Amino acid sequence: MPLLDVRNLEKRYPTFTLDKVSFSLEPGYIMGFIGRNGAGKTTTMKAMLNLIHRDGGEVYINHRSFFENEKACKEEIGFVMGEFDCYKTATLQKITDVTRRFYPAWDEAAYRGYLKRFSLEENKKVKELSAGMRVKYALALALSHDAKLLILDEPTSGLDPVSRDDLLDVFRTVIEDGTRSILFSTHIISDLEKCADYITYIKGGRILASTDVDAFRESYRLVAGDREHLEVRRPKLIGCKEHAFGFTGLIRAEDAPAFAACKVAPADLESIMIYTEQEDGHEEPAL
Amino acid sequence: MKNLLYKEYKLCLVPMVPLFYLFALMLLIPSYPYLVAAFFTCNSIFYLLKQASLNGDMLFSAMLPVPKADVVRARVRFVVIIQMIMFILLIPMILINHRLYPQGNPAGTDGSLTLLAFVLVVFTVFNAICLPGFFRDEAKIDRMFLLGVIGVFGWIILCEGFMIAAKVAPQVPLFAWVEGHLDCYPTTDGAWRAQLLVLGIGALIYGLGTLLTTRRAIRYFEGKDL
């Protein structure tokens, strides 16, 4: 049974629509939520948590409707929206003192552990922290109340590579008992390659794919060929870049036999995203 | 709710709130429109709302494991607590005012239960304008405060103007009754009864106003995209 089940979530703005977004996440796994800027990642996360008013759809956390059991569901969720950006003149100690009261399962030892691990000093004010340290503080709060589900919007942005790697280790530790899951959005595809089990890809407010990372990768191939190979095969290309000597592009794995005359290679997540986001299916060579 | 009120106290309270309680001392000024003292409490609440807005308090609160409606209820209750402290502080000030100036206040309402009733309406008007506006669009709190100031001073001018008129034209029967029963420190049974009735009406307006203000603010906040 999924720990998180999003069904047909809708949000309509004058210029953007979140269109029946559906995906689910089993306990014990990490799901990467990807898509380019403005694709609807943050809108989806906020709509899931009732931070923006949804126009339709349901969200189930641990088999309970979020919107009918908001308080109980929020106790089981740790939510981080980038860096902690509230109460800039307050000390971390003061903010934690308030926050911990809302969570019956607050784990002070775990909190102290994260403070130490992230080198956070409680007597510092929020405004005295760097962007990366603010992200770490937000994560320390989210990780310290025994949340079953962590929903993290760009948690690794602003962090240096060492801190990012450390954080990804934390993620793996958090889910290793098989009862917790993490949904996190990111632009840093290498983070997904390192730790995500599943991937949900959103484009223009619609879910393009929600599957395990290996299956997602395996369903695409990168191709490279001469210009003469391009024209007849163009309809099968999801996206391509033309250059002076030929082209490179992305195809579905089942179309690989049609590209036998070209070089065909496994696709990586970043290439899949880049080629998929090309609106007209190909990109003209730069002059 | 207890935890949300604690959050209001620890993270949202601004120094202007306790500092502006000193304006209760305005009742020690001879000949002054004492209702203005209540405005300064409203002013301190504006600072509280403004600071909450700058601090990202709405989003922080909405992310806590509480229903969105409770975030509104806690904020309104905190504002009510601030206003009730001022209300209570005004009571000894009225007693001292009477000792200092037994002849009354030629510049407006005398220190009396009527004054306290008018204060409650000042708070009601301010809350009705500013609180739902804050939860509808916190970025426009300055504009809401300006409207609140217009509303509050409209009421203050109405009250104080009426009481000054009652003082300068005691030959008018209504004014004579007001001067003898409402606009005076209550010493007779008739004045006590009349002023307690006015205070009761003021309390009723404040209670109902707070209820309606809360409902409206909840409706705005629940439909708001954070």
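## Report on chains A and B

A:Tyr87 is buried, because its relative accessible area of 1% falls under the 20% cut-off. This value, like the others below, was computed from a predicted model.

**Two residues with positive phi**

A:Tyr87 sits in the loop between strand 6 (77–81) and helix 3 of chain A. Its phi is positive, about 45 degrees, although the residue is not a glycine. A:His63 also has a positive phi without being a glycine, here of about 75 degrees. The loop that holds A:His63 runs between strand 4 (56–61) and strand 5 (64–65) of chain A. A:His63 has a relative accessible area of 45%, and counts as partly exposed because this value lies between the cut-offs of 20% and 50%.

**Helix 3 of chain A**

The loop with A:Tyr87 leads to helix 3, which covers residues 92–99 of chain A. This helix is mostly covered, with 6 of its 8 residues buried. The buried residues are A:Leu92, A:Ile95, A:Thr96, A:Asp97, A:Val98 and A:Thr99. What do the buried residues of helix 3 of chain A pack against? Within chain A, their partners are helix 4 (108–117) and helix 5 (131–143). From chain B, helix 1 (2–12) and helix 4 (57–63) pack against them as well.

**Chain B as a whole**

Chain B has 9 helices and 0 strands, and along the sequence its pattern reads α-α-α-α-α-α-α-α-α. How does the radius of gyration of chain B agree with that of a compact globule? For 226 residues a compact globule would have a radius near 17 Å, and chain B has 19 Å, so the two agree. Along the principal axes, the C-alpha atoms of chain B fill a box of roughly 60 × 30 × 30 Å.

Buried residues make up 53% of the 226 residues of chain B. Of the contacts in chain B between residues at least 6 apart in sequence, 80% join residues at least 24 apart. The area that chain B exposes is about 9700 Å², and carbon and sulfur atoms supply 71% of it. Chain B carries 18 positive and 13 negative charges, and the mean positions of these two groups are 6 Å apart.

**B:Gln83**

B:Gln83 belongs to helix 5 (residues 68–100) of chain B. Its relative accessible area is 0%, so the residue is buried. Leaving out residues up to four places away in sequence, B:Gln83 touches B:Thr41, B:Ile45, B:Phe123, B:Phe126, B:Asn127 and B:Tyr206. B:Ala38 is 45 residues from B:Gln83 along the chain, and the C-alpha atoms of the two are separated by 8.5 Å.

**Cysteines**

A disulfide is a covalent bond between the sulfur atoms of two cysteines. With a cut-off of 2.5 Å between cysteine sulfur atoms, the count over all chains is 0 disulfides. A:Cys73 is buried, with a relative accessible area of 0%. A:Cys195 is buried too, at a relative accessible area of 1%.

**Accessibility of the named residues**

| Residue | Relative accessible area | Class |
|---|---|---|
| A:His63 | 45% | partly exposed |
| A:Cys73 | 0% | buried |
| A:Tyr87 | 1% | buried |
| A:Cys195 | 1% | buried |
| B:Gln83 | 0% | buried |

Notes:
Residues numbered from 1 in each chain as written. Chains lettered and ligands numbered in written order. Predicted model: local features only at pLDDT ≥ 70, side-chain atom pairs only at ≥ 80, totals over all residues. Heavy atoms only, no water. Helix = DSSP H or I, 4+ residues; strand = E, 2+ residues; numbered from the N terminus. Rg over C-alpha atoms; globule rule 2.2 N^0.38 Å. Buried < 20%, exposed > 50% of the residue type's maximum accessible area, 1.4 Å probe, protein only. Contact = heavy atoms within 4.5 Å. Areas by Shrake-Rupley, 256 points an atom, 1.4 Å probe, with all protein chains shown as cover. Lys, Arg positive; Asp, Glu negative; His and termini not counted. Charge placed at Lys NZ, Arg CZ, Asp CG, Glu CD.
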